[in-house]
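Here are a few friendly notes to read alongside the model. They take up a helix pair and then a sheet.

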Amino acid sequence: MLVIQNRVQTVRRILISLLGISAAFQSSFSQEAEEYQLKQHMLSEIQRYAAMEKLSKDATPGQEGFDVTYYKLDLRISPSQQTVSGSVRMIATSVVDNLTSITIDLMNSLQVDAVTVGGVSASFSRQPTYFTVSLNRAYSRGERIEVVTSYHGVPDSSGFGSFRFSLSDNKPWIWSLSEPYGSKDWWPCKDHPSDKADSVDVWVTVPTGLKVGSQGKLVAAVNNGDGTVTHKWQHRYPIATYLVSIAVADYQQVSAWFKYSSTDSMEVLNYALAQRLDEATSSLPKTIDMLAIFSDLFGLYPFVTEKYGHCQFGWGGGMEHQTMTSLGNFGEDLVAHELAHQWFGDMITMRTWPDIWLNEGFATYSVALYREAKYGVASYWSYMTGRMSSAKQAVGSIYVRGQDTLSVSRLFSGSLVYNKGATVLHMLRRVMGDSLFFKALKQYASDPRFKFGTASTEDFRSVCEDVYGKGLGYFFDQWIYGEKYPQYRYEWGTRPEGSKHKVRISVFQTTGTQNPTYFSMPVDIRILGDGMDTTVTVVNNAPSQWFVFDMPKAPTSVQLDPANWILKDATGIRVHVDDVAALPTEVALLQNYPNPFNATTIIPFELPTSSVARLEVFNGVGQLVRTITSDRVFDAGRHTLAFHAVDQDGTALPSGMYYYRLVVSGAPSQVRKMTYLR
Ligand SMILES: [Zn+2]
């Protein structure tokens with residue numbers, strides 16, 4: 001989903017009304033004014049929403065015992081009455097023994113008229129946001145259950161709208177937008193993303209002259225001979241409830257074909273109102289380019305045996321309804337964002353709402369990848385620069401915790417979940433390198449554990465680690481579960497030494513948060529001089545660190561992360577080389593802090609040159625209890641390593657005195673004492 005801020009349009013609207021423009025413009029203007037009012041209304045609802053019971057990240061109680069495999073919505077919409085009536089057939093499998101009741105989400109603004117189980121009338125009890133059906137008998141694990149709910153009423157509206165009746169040119173214009181918790185505002189379902197149905201049919205009966213857009217393929221439009229037509233959409237892929245949609249209007253239809261192999265092609269279908277038909281038509285070739293680019297990056301478009309398409313709706317943004325995105329306009333970035341969701345959001349859905357960045361961060365970053373593929377790297381960077389400046393405004397962690405999932409504005413925070421989420425992928429690309437990063441994206445998108453299912457941040461991390469061959473826990477901890485970003489301050493100085501020029505750079509880092517206290521990142525240092533332009537990459541993994549380089553010429557400037565791979569602030573100054581916070585002149589093992597310590601302490605040490613080093617902990621009788629780091633190369637400078645009071649097997653150590661030893665090749669080893677108090 002993408003919320004578009006309509007500030008520019010608002011200004012234009014004011015100008016138009018001042019100038020008193022022609023009738024044609026007036027009509028499109030009043031349409032926008034209507035959308036604007038609607039949006040204001042929705043915003044006030046977002047605030048109201050937070051208090052509502054239905055905004056739980058957990059499934060409704062009573063829904064653990066069954067797994068939904070299929071929904072058929074058979075709905076009649078009355079635009080004049082602004083009502084919905086009909087039935088929803090749900091097929092589920094019992095996942096427990098002795099299942100005697102099941103709970104279905106549906107707001108009580110809709111009246112349940114009857115429920116049948118296996119074709120036999122069943123009793124049910126109503127709650128404000130759901131109803132519980134008594135099954136006719138106890139169902140065993142693996143047994144199929146069929147529940148048909150007949151209902152009618154005026155759909156409720158929550159979140160970003162859920163279900164809307166409006167007019168365009170005095171004709172009905174009706175659409176749904178259920179994300180995150182609004183499906184139950186208009187149809188009975190198990191409204192949780194972790195339980196995707198394997199397929200869905202959406203049948204919608206509306207007055208003759210209107211078109212209905214929905215998921216999959218339109219298999220029939222049956223004229224009922226009573227002034228109504230039943231539009232039958234059939235979708236044969238797994239789908240989460242919030243991605244089921246309808247859009248109804250006097251749409252014009254345009255389409256084109258995405259040729260995804262020498263012999264096969266798929267329809268790209270746009271339903272647009274007359275005034276946006278040109279836009280809908282001209283966006284088709286671009287959409288086809290996007291399909292090709294994303295198929296190349298992430299694997300073939302997931303729903304290729306059916307279609308991709310757009311329905312114009314009255315909300316000022318876009319929503320990635322499966323195979324049929326709803327759009328307020330056909331802007332290129334918006335179309336790309338929603339299309340990318342078909343892989344990330346629709347094909348792989350976040351398992352629970354706290355991981356919403358797996359949808360929105362990915363879709364946002366995909367726009368940058370589309371721009372890079374189509375228009376070149378400058379377009380990528382200009383897009384990402386905008387995202388990153390927004391990401392710096394983000395407050396809190398990308399991962400949405402606890403009660404925060406009750407707030408729609410927090411779940412869909414632009415700066416945090418979208419823009420910082422996209423920036424995390426941008427940074428991960430730099431950490432892993434292009435070839436492994438893109439391999440990981442493709443592997444994630446094709447992993448049978450997640451494809452057409454759901455995934456968590458930890459699932460994505462594990463795929464990245466498999467491809468990368470190294471742990472990335474630190475990266476996800478600091479960027480997804482942690483907050484803010486590093487603020488670097490660096491000093492540099494230089495002096496000739498023999499035929500070389502020695503450059504010392506000290507890098508200091510603050511984060512303004514305890515989570516994390518510093519960020520570990522590869523940092524590019526660009527050193528410029530007369531005819532010299534060299535970039536070296538250092539691993540900055542401490543609040544303060546020193547680095548030394550031998551350069552062939554005298555440097556005239558030093559830049560930290562000049563390309564902007566890291567979400568950061570950086571200020572640097574040149575100082576006299578002797579004033580660069582001192583580079584260690586010898587190997588030094590420093591006192592740990594805190595000391596005494598409980599659970600965790602930090603051990604600092606300094607190296608005058610890049611060296612192979614090892615850090616070990618011994619107990620009071622001299623037995624090795626833990627190797628904090630085995631032999632590996634460290635840059636010159638100060639380093640800090642954390643020690644958790646556990647042994648090599650992860651077993652907690654007893655209280656007492658311990659020794660830690662630094663072994664550096666070519667230097668005498670050094671030992672210090674520390675005290676652990678449990
Ligand atoms: Zn989105």
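1. In this predicted model, helix α9 meets helix α10 through L436, K439, A440, Q443 and Y444 on the α9 side. Their counterparts in α10 are F460, V463, C464, V467 and Y468. By character, the residues of this contact split into 8 nonpolar, 1 polar and 1 charged.

2. Now for the geometry of that pair. Two packed helices are described by the angle between their axes and the distance between the axes. Here the axes of α9 (residues 434-446) and α10 (residues 457-468) come within 9 Å and cross at roughly 130°. That angle is why α9 counts as oblique to α10, since the oblique class takes in angles that are neither 65 to 115 degrees nor over 145 nor under 35. As for handedness, α9 passes α10 in a right-handed crossing.

3. Turning to the sheet, which strands build it, and in what order? The open sheet has 4 strands, running β10-β11-β16-β13 with antiparallel pairing. At its edges lie β10 (162-168) and β13 (211-213), each of which pairs on one side only. From one strand to the next, the twist averages 15°.

4. One edge deserves a look of its own. Edge strand β13 is joined by 3 bridges to β16 (residues 247-249), and the two strands run antiparallel. If you would like a place to start on screen, try K211, which stands opposite A249 in β16.

Key: Residues numbered from 1 in each chain as written. Predicted model: local features only at pLDDT ≥ 70, side-chain atom pairs only at ≥ 80, totals over all residues. Axes fitted to C-alpha atoms, helices over the stretch in contact; angles between N-to-C directions. Left-handed = near helix turned anticlockwise from the far one by under 90°. Contact = placed C-beta atoms within 7 Å. Nonpolar A, V, L, I, M, F, W, Y, C, P; charged D, E, K, R; others polar. Pairing = 2+ DSSP bridges.
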